[in-house]
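Trainee: I've got the structure open and want to understand the reasoning behind some of the descriptions. Can we go through them together?
Mentor: Sure, put it up and ask away.

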Amino acid sequence: MKRILSFWKRGDSFILITAGGLLFSIFMVVLIVGIIMVKGLGFFWPSDIELFQLKNGERFLGQVWDTEQARLTDKNGKVRIVNQTNIKIGNRDIYGRDFVWINNDDIVKKSTPKNGVEFERWEYGNMYGFIKSFTPVSSKDRINKDNFFSEAQKSLKKALALKSQIEEKQNAINKLLTPLSKLQTEISLSEINKTRSKAEIENLRKQEEGIKNSISAKLELLQSELLKLKEENAGIKMTIVTADGKSVTLPLYKFVRFFRPNQMSVMEKAGFYLTKVWEFLTEDPRESNTEGGVFPAIFGTVLMVILMSIAVVPFGVLAALYLNEYAKQGFIVRMIRLAIANLAGVPSIVFGIFGLGFFVYILGGTIDRLFFSSTLPEPTFGTGGILWASLTLALLTLPVVVVATEEGILAVPKANKEGSLALGSTKWQMIRKIVLPNAMPGILTGVILAISRGAGEVAPLMITGVVKLAPSLPLDGTFPFIHLERKFMHLGFHIYDVGFQSPNVEAALPMVYTTALLLIVIVVALNLLAIYMRNNLKKKYKTSTF
Amino acid sequence: MKSDFKKKIERSNKISKAVISFGGYGVIFSIIGIFLFLLYETIPLFYGAEIDTALSFKLSKKKHVVLSGVDQYKELSYLISNNGEIDFFNLKEKRITKKDTLPLAANEIITTGVRNSNGDISLGTDKGRILFFNLNLKPVFTGSQRRIVPQLELKKSFRSDVENPADNNGIKILAFSENDDGVLYWAWVNAEDKLLLKIYDPDEEEYFDFSLSDNLENVNVTALALNPDQESLIAGDDKGELYLFDLSDHSEPDLLDNWKAADFKITSLSFLIGNNTLIVGDKNGNVTSWFEAREKGSDELKYREVHTFKKMDSEIVNVVPSPRNRLFLVIGKNGKVELNYSTTGNTELEFSENKSRVLSASFAPKADGIFVVNSKNEVSLFKLDDEHPDVSWKTLFGKVWYEGYPGPAFVWQSTGGTDSFESKFSLIPLIFGTLKGTFYAMIFAIPIALFGAIYVSQFAPKRFAKIIKPTVEIMAALPSVVIGFLAGLYFSPLFEHHLMLIFLLSVLAPALFLILISFWGMIPERKRRTLPAYYELGFVLFVMAAVYYFSSIVSLPLEKIFFNGDLKQWLYSSLNVSYDQRNSLVVGFALGFAVIPIIFTITEDALSNVPASLSSASLALGASKWQTVKRVILPAAAGGIFAGVMLGLGRAIGETMIVLMATGNTPIMDLSPFDGFRAMSANIAVEIPEAPVDGSLYRVLFLTALLLLVFTFIINSFATYIGDKLRKKYARY
């Protein structure tokens with residue numbers, strides 16, 4: 001007891017308390033990163049399909065999603081703790097819900113049926129069931145028990161191939177019709193606005209007829225081919241039996257893929273996992289962003305940070321050079337440093353509202369009035385877009401670049417600079433040949449930190465040009481190739497939008513975790529790179545001072 | 001002679017100097033620019049109302065105008081004279097472009113008229129007739145040319161007298177209105193001072209006539225106002241009393257209430273837009289506003305006096321409500337006109353009509369102009385510039401009594417379902433929300449960050465510290481959207497589900513932790529000193545795990561014993577505390593997580609930079625490690641610690657995504673940790689996409705941003721200043 005008293009009296013206990021504070025903060029980092037890793041990495045793993053048989057005769061086929069202890073209050077007001085399991089049962093179009101909670105006590109039998117199939121669909125989410133029959137590609141009698149599933153896959157392949165053929169045909173028809181529809185809108189527009197005389201309109205009508213005649217034969221052929229393909233594809237069907245014994249027949253082209261996780265080996269699962277990760281990184285989102293990939297969001301984020309860097313780096317480097325090489329240390333420099341320190345502390349939403357008010361409404365509005373007056377009141381630059389979002393973020397990340405560049409410039413030994421000046425170089429020559437090359441790691445650190453900040457920032461973007469689903473990328477093959485006025489998608493906003501604005505949050509959650517993981521990986525990797533470069537910067541000059 | 005080469009070099013040297021200097025000043029310009037731009041968008045909120053005579057002319061012919069108005073472009077006006085003539089006067093060309101005549105009998109004279117916002121007009125005559133017609137001034141576009149075309153459609157005309165249709169009982173006072181279902185109401189006082197009522201029900205296609213004077217003995221009705229939304233009629237008498245009739249039963253109007261509203265004869269009554277606020281004007285020039293509200297402790301809705309407006313120095317002859325907002329004109333008998341705003345009770349401006357009586361006054365449909373005809377036969381159009389009457393220092397920061405509320409309150413509710421919604425722009429709930437979130441974040445973050453920084457800088461093994469610093473930097477780099485998303489979708493349901501455990505962890509666990517770590521003291525001091533620091537860390541980790549394990553085991557039994565098995569339910573039933581899933585606790589945790597690395601990094605820097613000579617001296621004098629930290633290192637690093645805490649505070653105030661996602665964003669003012677709130681930053685993010693550019697809401701949101709900027713600016717500057725000062729103070733060691 002005496003020892004404990006002196007332990008407190010001498011304050012050694014406080015050392016343990018402070019250690020507790022540190023361990024707690026580490027624990028929180030590990031917890032948060034851990035949750036996201038577990039939830040985000042696990043999503044693509046094809047977990048087993050289980051069949052649950054309940055006391056009341058209900059049968060559910062699906063994947064175990066979550067378990068928890070629920071509190072049930074019975075008639076007498078007594079609270080009972082019950083273990084519950086959340087099962088993803090899919091089949092939204094049949095059951096009207098994707099998930100079901102069941103009490104573990106109610107489970108009579110649980111099994112992992114070998115033939116349980118998970119179907120991924122283009123619409124309505126997953127489906128779970130057993131394949132009963134399908135339209136085979138090769139002759140019917142060839143199908144036996146052994147090749148049943150692989151033949152089914154062949155049919156799916158054919159259906160999907162037909163699907164892409166149909167899309168191609170549709171595109172060809174659209175392409176054929178483009179000049180005609182253009183002409184038609186021109187005619188109707190000039191009729192409404194009375195910009196053309198009657199004779200001119202008549203002339204246009206004749207042109208229209210001409211085009212119609214010239215393409216009609218080809219159009220008819222294409223349309224009949226399209227119809228035939230569609231008919232053929234609708235004929236490839238599959239009948240699926242669900243857990244409760246219902247049979248559903250669907251055309252196969254409605255599926256993305258189907259597989260039997262219960263029969264897959266670990267290697268197969270790993271391969272499947274990688275395919276899904278690849279799909280996540282390279283495909284467009286489906287089903288209001290809750291499935292498919294996040295490619296447009298990755299693309300938007302990358303393009304936005306590139307534009308932001310183009311704006312912020314020269315500005316930031318100039319400011320840092322001015323502070324360290326040109327300005328006389330005094331009031332102005334103190335003011336600039338104060339401005340930078342404060343700029344770093346200004347809440348990001350304030351930059352956002354500034355970007356909206358100044359860049360979007362004032363600059364954008366002026367540009368619209370001067371150069372795009374023909375399309376007004378439909379705004380071109382006078383609404384949020386990738387250019388304005390990038391400029392807003394450039395302002396926001398300016399202090400990061402300035403501070404990091406200054407660090408780099410300060411690390412250049414004075415002797416080197418003085419030596420250069422003594423040899424007769426002008427100040428600019430000295431900066432160009434000595435300061436800038438040697439401060440390069442510092443500048444790059446700044447750029448990387450700015451990019452990491454820009455990639456993770458959401459609040460200012462959501463009011464200056466980010467949207468939940470952009471119809472087209474801001475960079476494409478049509479002139480002028482880069483469309484600065486377009487709205488874009490962003491990983492951070494994707495998390496907010498899918499997690500909080502989506503109609504079916506529970507089904508969307510895995511997507512949010514995976515996107516969050518991707519964002520964290522990007523941001524953390526960039527930061528580690530910056531830390532590494534900064535350490536190298538310090539090392540380099542430790543040896544070169546003399 | 002200089003060579004070209006040298007010239008070139010010098011030129012590039014000059015250019016580079018100019019460009020680089022420009023870059024340096026650019027930083028100052030950008031922060032000043034942001035500040036000035038926010039100010040520029042905010043300042044118009046506080047401009048007062050201004051009025052300008054846009055046009056004034058004298059009519060060539062003597063006319064007695066009973067009703068007048070202009071179209072929305074202020075190009076065409078109409079003047080209805082008492083002899084039934086309607087003149088359409090083109091204000092651009094300054095001439096009468098069209099004339100029309102109402103079907104009046106010989107010598108019949110119009111005595112009174114009312115027009116509603118649909119353009120429906122009712123006129124009463126001295127022969128006891130009511131004319132009901134529609135007059136709209138519609139813009140017609142041919143190409144880009146605009147022409148205003150008047151459309152006149154006579155709907156009904158009927159004898160007013162219910163009892164003796166044959167009498168030519170003239171109409172003295174007339175009120176008319178129409179509700180959304182198309183029910184029409186007329187109420188009037190005839191020459192015999194009888195109060196009469198007519199209701200047209202479009203469903204039954206039937207008229208109902210009533211004489212209300214039976215309910216009012218010895219009452220001399222002097223003013224009328226109809227409320228189509230609440231289906232009620234209000235009559236004022238010469239003693240200053242108001243009588244409220246319920247008209248919802250079309251076959252039986254009913255006197256509901258009667259109260260004294262003024263000390264003098266009531267001369268004017270009018271409902272404002274939204275049909276909630278009633279403006280009462282009396283003979284002595286007093287103007288008051290009333291609306292139905294509950295009294296404290298009572299459930300009954302009653303008309304209560306809300307504002308008293310600036311007194312006029314003559315009898316109030318008319319009150320004209322604005323079709324757009326809660327502005328209204330009060331017209332005095334001596335030609336003075338007052339423009340008031342009902343929400344604030346402010347008088348925006350006053351003007352006078354050349355010592356002549358105002359015959360008719362009306363607002364332009366967009367409330368950007370006032371059209372006045374006076375008894376000297378002068379017609380004037382005033383340009384009205386009062387963009388933001390709904391915002392003042394008082395509405396932003398003071399308690400305001402809004403329509404339907406039981407009393408003055410701080411309320412933020414910027415938009416509602418209808419156009420006639422009364423916007424409520426109190427910043428107090430938002431500031432309160434920001435401070436509440438910041439408070440919970442800071443009480444969570446400060447101890448953890450400070451303890452962590454002290455341990456890493458003073459006690460931790462060097463190699464361990466080397467790993468910790470990058471870890472914390474990673475913590476700082478985690479995007480706030482990820483933290484917010486986890487807080488909103490993972491931690492808030494988790495907290496709700498394990499509320500008892502959270503409660504134990506924040507109350508019982510720290511105490512238990514302190515008790516358990518005492519056991520470390522059982523090891524003799526000399527032996528403790530020689531143990532590697534990792535043993536210490538391992539012990540603390542073990543204690544923390546044990547405390548957590550113990551808490552999670554006892555949580556359920558304790559909840560059963562003390563809280564009936566459900567703490568959340570118990571909170572509600574016993575303490576009447578409701579539990580929001582996304583509440584301040586969750587925000588405190590998440591926001592605290594975001595703030596910890598900022599405080600940690602700066603504090604750790606400050607502590608590490610304390611000269612080793614100081615601590616060595618202290619240790620050499622026999623002080624223990626902790627005594628050295630407490631007495632020597634902490635005071636010496638106080639400046640840096642303070643700066644770190646302040647910068648953390650600045651971050652917490654401005655953080656947007658976390659509070660947006662982890663709270664319910666309801667602007668309530670409540671200290672309970674189990675309720676959510678709405679912070680200023682999240683409010684901007686939520687509302688700015690919907691705010692019409694340059695409208696009141698838009699500018700108020702810019703004001704919020706400006707406040708945030710100023711808050712953080714002060715905090716940052718203060719942190720720098722105090723940090724420097726304290727650093728200097730301890731620099732002498």
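Trainee: What radius of gyration does chain B have, and what would a compact globule of 733 residues have?
Mentor: Keep in mind that this is a predicted model. Chain B has 37 Å, whereas a compact globule of 733 residues would come out near 27 Å. The C-alpha atoms of chain B fill a box of roughly 120 × 100 × 45 Å along the principal axes.

Trainee: And why is chain A called more spread out than a compact globule?
Mentor: Set the value against the rule: for 546 residues the globule rule gives 24 Å, and chain A is at 32 Å, well over that, so the description fits. Its C-alpha trace spans about 105 × 90 × 50 Å along the principal axes.

Trainee: What makes helix 12 of chain A roughly perpendicular to helix 1 of chain B?
Mentor: The two pack at an angle of about 75°, with their axes 8 Å apart. Roughly perpendicular covers 65 to 115 degrees, so that is the term for this pair.

Trainee: Which residues make that contact?
Mentor: From helix 12 of chain A, A:Lys427, A:Trp428 and A:Gln429; from helix 1 of chain B, B:Ile9, B:Ser12, B:Asn13 and B:Ser16. They divide into 2 nonpolar, 4 polar and 1 charged.

Trainee: How much of each chain counts as buried?
Mentor: The cut-off is 20 or more other C-beta atoms within 10 Å of a residue's own. Buried residues are 46% of the 733 in chain B and 35% of the 546 in chain A.

Methods
Residues numbered from 1 in each chain as written. Chains lettered and ligands numbered in written order. Predicted model: local features only at pLDDT ≥ 70, side-chain atom pairs only at ≥ 80, totals over all residues. Rg over C-alpha atoms; globule rule 2.2 N^0.38 Å. Buried ≥ 20, exposed ≤ 12 C-beta atoms within 10 Å, placed from the backbone. Axes fitted to C-alpha atoms, helices over the stretch in contact; angles between N-to-C directions. Helix = DSSP H or I, 4+ residues; strand = E, 2+ residues; numbered from the N terminus. Parallel < 35°, antiparallel > 145°, perpendicular 65-115°, else oblique. Contact = placed C-beta atoms within 7 Å. Nonpolar A, V, L, I, M, F, W, Y, C, P; charged D, E, K, R; others polar.
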